[in-house]
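Student: I should like to study one part of this model closely. Could you please take me through the sheet and then through whatever else deserves attention?

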Amino acid sequence: MESWNSTLSSDFILVGILDNSGSPELLCASFTALYMLALTSNGLLLLVITMDARLHVPMYFLLGQLSLMDLLFTSVVTPKAVVDFLLRDNTITFESCALQMFLALTLGGAEDLLLAFMAYDRYVAICHPLNYIIFMRSSICWLMVATSWILASLMALGYTTYTMQYPFCKSRKIRHLLCEIPPLLKLACADTSTYEHMVYVMGVTFLIPPLAAILASYTLILFTVLHMPSNEGRKKALVTCSSHLTVVGMFYGAATFMYVLPSSFHSPRQDNIISVFYTIVTPALNPLIYSLRNKEVTGALMRVLGRYIMPANPTL
């Protein structure tokens, strides 16, 4: 097949779910609403965690990092998808495609590792409460966050560089919401079978060990919670853990479908729907899942709003 000049001056065309939908205007409005919800909810959660001293504990420090990752992740994808639809221009330059791929892989990989560290935090808090201050001291928390960002960035840099060095075929259409490895490899002229196995190994390596650690942590947590004498303590632990497990299920389910399942299970339509789920829907829902059932977060939000937004009562 004849190849086109995939240099830095070349453009791809993103043919995402908005272009293949029966009601694209309604879908575009939904994307915009979800993006605004993600900006507002994650922004508020970051503000509350930063401003309220009662939330300056490891659990909320890690939750703040998750909100930051979600905020950045959805901002890498959603604004461009909406603007492209409104302007009827779906082109993306070669370098912009590479940058979007790198950022998406970095943020997705960092969130993958961070969720495992959050599970470990809950395990220590519930199963070893007397040693919590030692095992989750400030230096350990910063190490967890740095590890998530650095490992994910290195992984993303390697796979983005390797993916973009392929010669791409004359068709420039990427049938996907964003520049990601699986749909982009379908445009490559060269044999990508070996590299696809590498991507599979990357998916298994980055997803399965953290997921196994999460499941092991919550199995131990469940045994501990069932033996708690206090009903109130048991209820609080289950509420906190169920919120985390909901987020874990949404994230790992979508990521596993995209990067672990064989390509024979994929279709452009399914991939588009899954990509919408983990780049637009999940970042909007995560802060709501964590905050709506968390009295500490809702109480801190009211205190921050009362202190900095609502006008103080005049002194009598």
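Tutor: Ile-13 stands opposite Lys-173 in strand E3, and Leu-14 stands opposite Ile-174 in that strand. The model is a predicted one, and these pairs are a good place to begin reading it. Strand E1 covers residues 11–14, and 2 bridges join it to E3, the two strands running parallel. H3 packs on the sheet and touches E1, E2 and E3; the direction of this helix makes about 85° with that of E2.

On its other pairing, E1 meets E2 in the antiparallel sense, over 3 bridges. Here the bridge partner of Phe-12 is Ile-92 in E2. Taken together, the strands form an open sheet of 3 strands in the order E2-E1-E3, with mixed pairing. Strand E2 (91–93) and strand E3 (173–174) each have a single partner strand and stand at the edges, so one side of each is left without a neighbour in the sheet.

Consider next the two faces of the strand. In a regular strand the side chains alternate between the two faces of the sheet. In E1, Phe-12 and Leu-14 make up the covered face, whereas Asp-11 and Ile-13 make up the uncovered one.

We may now turn from the sheet to the largest pocket, whose volume is about 630 Å³. Its lining consists of 23 residues, and Lys-236, Ala-237, Thr-240, Asn-294 and Glu-296 lie nearest its centre. Which helices supply at least two residues each of this lining? They are helix H2 (58–87), helix H3 (94–127), helix H8 (231–259) and helix H10 (295–308). H3, which packs on the sheet, is thus also one of the helices of the pocket lining. The largest share of the lining, 8 residues, comes from H8. Sorted by class, the lining has 10 nonpolar, 4 polar and 9 charged residues.

Helix H2 also holds Leu-71. Is this residue buried or exposed? Leu-71 has a relative accessible area of 17%, and because buried means under 20%, it is counted as buried. Leaving aside residues up to four places away in sequence, Leu-71 touches Ala-38, Leu-39, Asn-42 and Leu-46. Leu-71 and Thr-279 are 208 residues apart in sequence, but their C-alpha atoms are 9.8 Å apart in space.

Methods
Residues are numbered from 1 along each chain as its sequence is written. This is a predicted model: local features need pLDDT of at least 70, side-chain atom pairs count only at pLDDT 80 or more; totals for chains, interfaces and linings use all residues. Side-chain values use heavy atoms; hydrogens and water are left out. On a 1 Å grid over the protein atoms alone, a cavity is a set of points where a 1.4 Å probe fits but cannot get out, and a pocket is an open set with protein on both sides within 12 Å along at least five of seven lines; lining residues have an atom within 4 Å of a point. Grid points are joined across faces, edges and corners, and a volume is the space filled by probe spheres set on the points. Helices (H or I, at least four residues) and strands (E, at least two) are DSSP runs, numbered from the N terminus. Ala, Val, Leu, Ile, Met, Phe, Trp, Tyr, Cys and Pro count as nonpolar, Asp, Glu, Lys and Arg as charged, and the others, Gly among them, as polar. Buried means under 20% relative accessible area, exposed over 50%, partly exposed in between (1.4 Å probe, protein chains only). Contact means heavy atoms within 4.5 Å. Two strands pair if DSSP finds at least two bridges between them. Axes are lines fitted to C-alpha atoms, for helices over the stretch in contact, and angles run from 0 to 180 degrees between N-to-C directions.
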